[in-house]
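Me: Hi! I have a protein open on my screen and would like to talk it through with someone. Could you help me find my way around?

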Amino acid sequence: MTSKTQNSEAQETTDHAAIRKWVEERGGRPATVKATEEDGHAGILRIDFDPPDEELDRIGWDEFFEKFDEAGIAFLHQDRTKDGKLSRFHKFVRR
């Protein structure tokens, strides 16, 4: 298996520093889906990339990780595509 193939495989993490680094390297920001916010609390978590998605509210990392930990989820992400380009593939999964 080549290193490009290995890097194209999805990895799962709950490490806050690793998630933040991955997101920021790709120009992303922590966000929540506006329609799911309740009483000023974050709703369904998302990562928002430019141009900003009008259906999302960008939030701070502290609020993002508070909701992330509370929800008991993990971050599934891909570092590189099979052809070696920086990947934005990610999703939140139940642990």
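What follows is a chat about the fold, the charged side chains and a few single residues.

Me: Thanks for joining! What kind of model is this?
Reply: Happy to help! This is a predicted model.

Me: How many helices and strands are there in the protein chain?
Reply: The protein chain has three helices and six strands. Starting at the N terminus, the elements come in the order α-β-α-β-β-β-α-β-β.

Me: And what box do the C-alpha atoms fill?
Reply: Along the principal axes, the box is roughly 50 × 30 × 20 Å.

Me: What share of the residues is buried?
Reply: Of the 95 residues in the protein chain, 33% are buried.

Me: Let's switch to charges. How many salt bridges does the structure hold?
Reply: There are six salt bridges. As a bit of background, side chains with opposite charges can pair when their charged atoms come close.

Me: Nice, can you show me one in a helix?
Reply: Sure! Take K21 and E25, whose side chains form a salt bridge with 2.6 Å from N to O. Both residues sit in helix α2, which covers residues 16-25, and they are four residues apart, about one turn of the helix.

Me: Is E25 buried, exposed or partly exposed, and why?
Reply: E25 counts as partly exposed because its relative accessible area is 46%, which lies between the cut-offs of 20% for buried and 50% for exposed.

Me: Which residues are linked with K21 and E25 in a network?
Reply: R26 joins K21 and E25 in a network of salt bridges.

Me: What about D83, which residue does it pair with?
Reply: D83 forms a salt bridge with K85, and their closest N and O atoms are 4.0 Å apart. D83 has 48% relative accessibility, so it counts as partly exposed. K85 has 55%, so it counts as exposed.

Me: Now R58, please. What does it bind to in a salt bridge?
Reply: That would be D50, with 2.8 Å between the closest N and O atoms. The side chain of R58 also makes a polar contact with the side chain of D48, at 3.0 Å. R58 is partly exposed, with a relative accessible area of 36%.

Me: Oh, D48! Where is that one, and is it buried or exposed?
Reply: D48 is in strand β3. It counts as buried because its relative accessibility is 3%, and the cut-off for buried is under 20%. Its side chain also reaches the backbone nitrogen of D53, at 3.1 Å.

Me: Which other side chain reaches a backbone nitrogen?
Reply: Look at T13, in strand β1 (residues 10-13). The T13 side chain reaches the backbone nitrogen of D15 at 3.0 Å. T13 is buried, with a relative accessible area of 15%.

Me: Back to the surface. Which residues form the negative patch?
Reply: The negative surface patch is made by E37, D62, E63, E66, D69 and E70. One of them, D69, lies in helix α3, residues 61-71. D69 is partly exposed, at 40% relative accessibility.

Me: Last one: where is A35?
Reply: A35 lies in the loop between β2 (29-33) and β3 (45-48). With 76% relative accessibility, A35 counts as exposed.

Me: How far is A35 from H90?
Reply: A35 and H90 are 55 residues apart in sequence, and their C-alpha atoms are 21 Å apart in space.

Conventions: Residues are numbered from 1 along each chain as its sequence is written. This is a predicted model: local features need pLDDT of at least 70, side-chain atom pairs count only at pLDDT 80 or more; totals for chains, interfaces and linings use all residues. Side-chain values use heavy atoms; hydrogens and water are left out. Helices (H or I, at least four residues) and strands (E, at least two) are DSSP runs, numbered from the N terminus. Buried means under 20% relative accessible area, exposed over 50%, partly exposed in between (1.4 Å probe, protein chains only). Patches are made of residues with over 30% relative accessible area and no salt bridge: like charges are joined within 9 Å, nonpolar side chains (Val, Leu, Ile, Met, Phe, Trp, Tyr) within 5 Å. Accessible areas come from the Shrake-Rupley method with a 1.4 Å probe; for residues, only the protein chains shown count as cover. Lys and Arg count as positive and Asp and Glu as negative; His and the chain ends are not counted. The place of a charge is taken as NZ of Lys, CZ of Arg, CG of Asp or CD of Glu. A polar contact is a pair of N or O atoms within 3.5 Å; within protein, one must be able to donate a hydrogen and the other to accept it, and residues adjacent in sequence count only if both atoms are side-chain atoms.
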